[in-house]
Amino acid sequence: MTDATQVGELWGRRAAQRAALGAKMSMPAWKTALQRTRVTGGTTVLDLGCGSGEFCALATEAGAHATGIDASRGMIELARQTAPAAEFHVRALGPLPWEDGTFDVVTAFNALFFAPDPEAAFAEALRVSRDFVVVCDWHPDHPSDIITVGWTVKGPSGRRRARTPEPHEKLTIDIPQHHPDEDTMVRAFLSTGGYQPLIESDGEESVAEKIRGATEQFRTADGGYRFANKYLMSVFRKNEI
């Protein structure tokens, strides 16, 4: 099994649970990307690592012709339900089948670090773009609570950000996540692909207990949980690189 295939399989295990409990956390970033790239009727958009398709749904609502790719078959099955007007393909990050300049806008929300070669994945995004490429990653200078919990429970992922040219614009995007109770919070963490190997090795209840301990500091007075997170959004213009 290749690394890309394995990543897709891990994220597909609890795809529906992930979509229900955590997929829309990135909504502030999605809306900002649509505004900054001036997506409107007739704009063509490609979303790399599209997950369960929520960004593509937002793009089609704005009038765009949206396409999404993801290595997870389970996520793509959900995406086709979430955004029936968009086009989706089960495909890992790497060489893309489209000609140069096929899409007005290419986006990658927390996606490029899943590629075997993040720089090559960025180069492909730039190649198939006609104008904009938007790359969103966890902010390197502002620790996000979800990442802090992940490092405590399972250690660093070992994946790395793509090294890219200087972008046209950089923005810090707040993406807070709220859960009403402990059970919902634990299920949200357990639904992500990064936790699946630990669940396999240690058992779900053991991992859940570690999550409860690591998240105690984020519990709110009403028994819910609030996690403060930040993305760094880099907006590239093809004719400026």
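**Notebook: contacts, strands and a helix crossing**

I looked up Arg14 to begin with and listed its contacts beyond four places in sequence: Leu190, Ser191, Gln196, Ile199 and Glu204. The model I am reading is predicted.

I then checked where Arg14 sits, and found it in the loop between α1 (3–12) and α2 (15–21). Is Arg14 buried or exposed? Its relative accessible area is 18%, and the cut-off for buried is under 20%, so I entered Arg14 as buried.

Two of the residues that Arg14 touches, Leu190 and Glu204, led me to a helix pair. Leu190 belongs to α8 (residues 182–190) and Glu204 to α10 (residues 204–215). I read off that the two axes come within 10 Å and cross at roughly 115°. I noted the crossing of α8 past α10 as right-handed. On the α8 side, I listed Glu182, Met185, Val186, Phe189 and Leu190 as making the contact. On the α10 side, I listed Glu204, Val207, Ala208, Ile211, Arg212 and Thr215. Sorted by type, the residues of this contact came out as seven nonpolar, one polar and three charged.

Next I turned to β9, residues 230–237. Which strands pair with β9? I found β5 (residues 129–138), antiparallel over seven bridges, and β6 (residues 169–174), antiparallel over six bridges. For one position in each pairing, I noted Val134 opposite Val235 and Lys170 opposite Ser234. I also checked burial: seven of the eight residues of β9 are buried, so the strand is largely enclosed by the rest of the structure.

I followed the chain past β9 and stopped at Ile241, which lies in the segment after that strand. Its relative accessibility is 45%. Exposed would need over 50%, so I put Ile241 down as partly exposed. Leaving out residues up to four places away in sequence, I have Ile241 touching Phe122, Leu126, Pro165 and Phe236. I also looked up Thr164, which is 77 residues from Ile241 along the chain; their C-alpha atoms are separated by 10.0 Å.

Last, I looked at α4, residues 54–61. How many of its eight residues are buried? I counted six, and recorded the helix as mostly covered. The buried residues are Glu54, Phe55, Cys56, Ala57, Leu58 and Ala59. After α4 comes Gly63, for which I noted a positive phi, near 100°.

Note on methods. Residues are numbered from 1 along each chain as its sequence is written. This is a predicted model: local features need pLDDT of at least 70, side-chain atom pairs count only at pLDDT 80 or more; totals for chains, interfaces and linings use all residues. Side-chain values use heavy atoms; hydrogens and water are left out. Helices (H or I, at least four residues) and strands (E, at least two) are DSSP runs, numbered from the N terminus. Buried means under 20% relative accessible area, exposed over 50%, partly exposed in between (1.4 Å probe, protein chains only). Contact means heavy atoms within 4.5 Å. Two strands pair if DSSP finds at least two bridges between them. Axes are lines fitted to C-alpha atoms, for helices over the stretch in contact, and angles run from 0 to 180 degrees between N-to-C directions. A crossing is left-handed if the near helix is turned anticlockwise from the far one by less than a right angle, and right-handed if clockwise. Ala, Val, Leu, Ile, Met, Phe, Trp, Tyr, Cys and Pro count as nonpolar, Asp, Glu, Lys and Arg as charged, and the others, Gly among them, as polar.
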